[in-house]
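User: Please take a close look at the sheet in this model. Walk me through how its strands are joined, then connect that to the ligand and the loops.

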Amino acid sequence: MDMDKLQRDIPDLRSKALAELSSLEDRRTLDAWRVEYLGKKSEIAQWMKMLGNLSPDDRRMAGQQIHALRQTLESAFTERMREMDELEIERKLREETLDITLPGTPQAIGHLHPITRILMEIEDIFVKMGFAVVEGPEVETDAYNFEMLNVPKDHPARDMQDTFYLSEELLLRTHTSPMQVRVMEQMRPNIPVKVIVPGRVYRRDEDDATHSHAFHQVEGLVVDQNIRMSDLKGTLEEFAKALFGPEQAVRLRPSFFPFTEPSAEVDVRCIHCKGQGCRVCKQTGWIEILGAGMVHPNVLAAAGYSPDAYSGFAFGMGPERIAMLKYGISDIRLLYQNDLRFLRQFSQLR
Ligand code: 2U9
């Protein structure tokens with residue numbers, strides 16, 4: 001082996017091998033490179049085999065140089081492998097990335113019907129005043145719907161509350177009052193009775209902008225000892241303030257209902273013009289929202305309460321009318337037609 005030639009060959013081989021190595025891009029060519037420069041038949045291996053032919057001094061020097069070269073190539077190879085592993089991981093990450101920031105498929109979330117919301121709002125107000133909320137059957141008996149509420153068979157009020165009959169005795173209730181009679185009977189002898197009854201009621205009416213054959217009511221009843229008209233007025237005043245704002249005022253006008261005596265129609269200051277007079281209140285400054293009165297002695301007696309020992313007040317209102325006033329709805333039928341163009345207007349209201 002020629003030492004002079006070896007002195008030139010070692011650096012030549014180093015530069016050639018390292019230059020090649022840095023241009024390699026995949027594992028297969030990298031492996032081929034390792035076989036060529038570090039394998040059993042590589043130039044380095046040949047040189048190692050021939051070291052024995054050299055003089056001891058030359059052998060030591062050449063041995064160190066070849067060994068150093070092999071170490072350089074080996075660590076360059078390891079480093080290139082590591083780089084390639086990293087590139088491979090980066091490529092995989094890039095290719096297999098899931099973009100979890102994409103928005104999901106939106107689910108249509110519905111919202112409450114304006115009537116449901118008014119009902120809930122009314123219920124909340126009375127619950128805060130200590131009323132219980134009770135619901136009752138829509139199919140009632142003539143006795144509970146009329147007779148016990150002081151409306152006998154020949155009473156003219158039956159004309160105004162004509163309804164749908166299922167038989168001589170069974171009918172669709174015309175108001176929620178029959179349930180209050182049932183509550184009084186169930187509660188007796190416990191007092192006070194203090195309930196509101198929300199629910200659907202029926203009348204044999206032609207449907208138009210302000211009438212519907214099926215609509216809703218919320219009726220209230222308080223029975224105790226010493227209940228007076230002032231209790232009725234105070235309760236309804238609190239209700240009006242809670243529903244329409246703290247400056248609200250109520251006014252009672254004399255009226256007639258068979259089941260209350262005395263009876264009153266209850267007005268609030270026009271929520272549209274605040275009492276100035278406008279189209280909504282027909283220039284009166286007041287809007288009727290409730291009927292009310294002191295429970296008729298005959299009704300107390302029919303439910304088993306002596307009118308001499310007990311008294312009570314009752315009231316009734318139509319949530320449709322309240323929703324129409326509050327939201328400016330001009331035709332009651334819009335509330336029953338399930339037209340989403342109408343209903344969607346109530347999705348954002350609080
Ligand atoms: C019992 C005794 C008395 C309930 C009452 C009214 C007056 C009233 C109407 C308002 C508009 C019905 O929804 S509406 O069409 N209601 O004017 N309701 S007093 O009186 C009762 C209830 C139960 C045991």
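Analyst: Start with one pair of strands. β6 and β7 run antiparallel, and 7 bridges join them. A hairpin of 2 residues links β6 to β7. For a single register point, take Leu252: its bridge partner in β7 is Val266. Keep in mind throughout that this is a predicted model.

Now widen the view to the sheet. It is open and has 7 strands, in the order β1-β4-β5-β9-β8-β7-β6. The pairing is mixed. In general, strands of a sheet pair through backbone hydrogen bonds, and they do so either parallel or antiparallel. Two strands sit at the edges here: β1 (132–133) and β6 (250–257). Each of these edge strands pairs on one side only.

Go to the β1 edge. β1 pairs with β4 (residues 193–202) in the parallel sense. That pairing rests on 2 bridges. Val133 stands opposite Ile196 in β4.

Next, the helix on the sheet. α9 (residues 229–244) lies across four strands: β6, β7 (260–269), β8 and β9. Relative to β8, α9 runs at about 145°.

How does the ligand fit in? It is surrounded by 17 residues. The closest are Gln217, Phe257, Gly291, Ala314 and Gly316. Two side chains come up with polar atoms. An N or O atom in the side chain of Gln217 is 3.3 Å from an oxygen atom of the ligand. Glu219 places a polar side-chain atom 3.4 Å from a nitrogen atom of the ligand. On its own, the ligand has 570 Å² of accessible area, and the protein covers 87% of that.

Which elements build the shell? Those that give two or more residues are α8 (177–187), β5 (214–224), β8 (286–295) and β9 (311–317). β9 makes the largest contribution, with 4 residues. By class, the shell holds 9 nonpolar residues, 7 polar and 1 charged. In the strand order, β9 stands between β5 and β8.

Finally, the loops. The stretch between α8 and β4 holds Pro189 and also Pro192. The peptide bond from Arg188 to Pro189 is cis, with omega near 10°. Another cis bond joins Ile191 and Pro192, where omega is about 0°. The loop between β7 and β8 contains Gln283. Phi of Gln283 is near 70°, a positive value in a residue other than glycine. As background, most peptide bonds are trans, and most residues other than glycine have a negative phi.

To pull the sheet and the ligand together: β5, β8 and β9 are strands of the sheet, and each gives two or more residues to the shell. α9 lies across β8 and β9 as well. At the far end of the order, β6 closes the sheet as an edge strand, joined to β7 by the hairpin.

Conventions: Residues numbered from 1 in each chain as written. Predicted model: local features only at pLDDT ≥ 70, side-chain atom pairs only at ≥ 80, totals over all residues. Heavy atoms only, no water. Near = heavy atom within 4 Å. Polar contact = N/O pair within 3.5 Å; in protein donor to acceptor, adjacent residues only side chain to side chain. Areas by Shrake-Rupley, 256 points an atom, 1.4 Å probe, with all protein chains shown as cover. Nonpolar A, V, L, I, M, F, W, Y, C, P; charged D, E, K, R; others polar. Pairing = 2+ DSSP bridges. Contact = heavy atoms within 4.5 Å. Axes fitted to C-alpha atoms, helices over the stretch in contact; angles between N-to-C directions.
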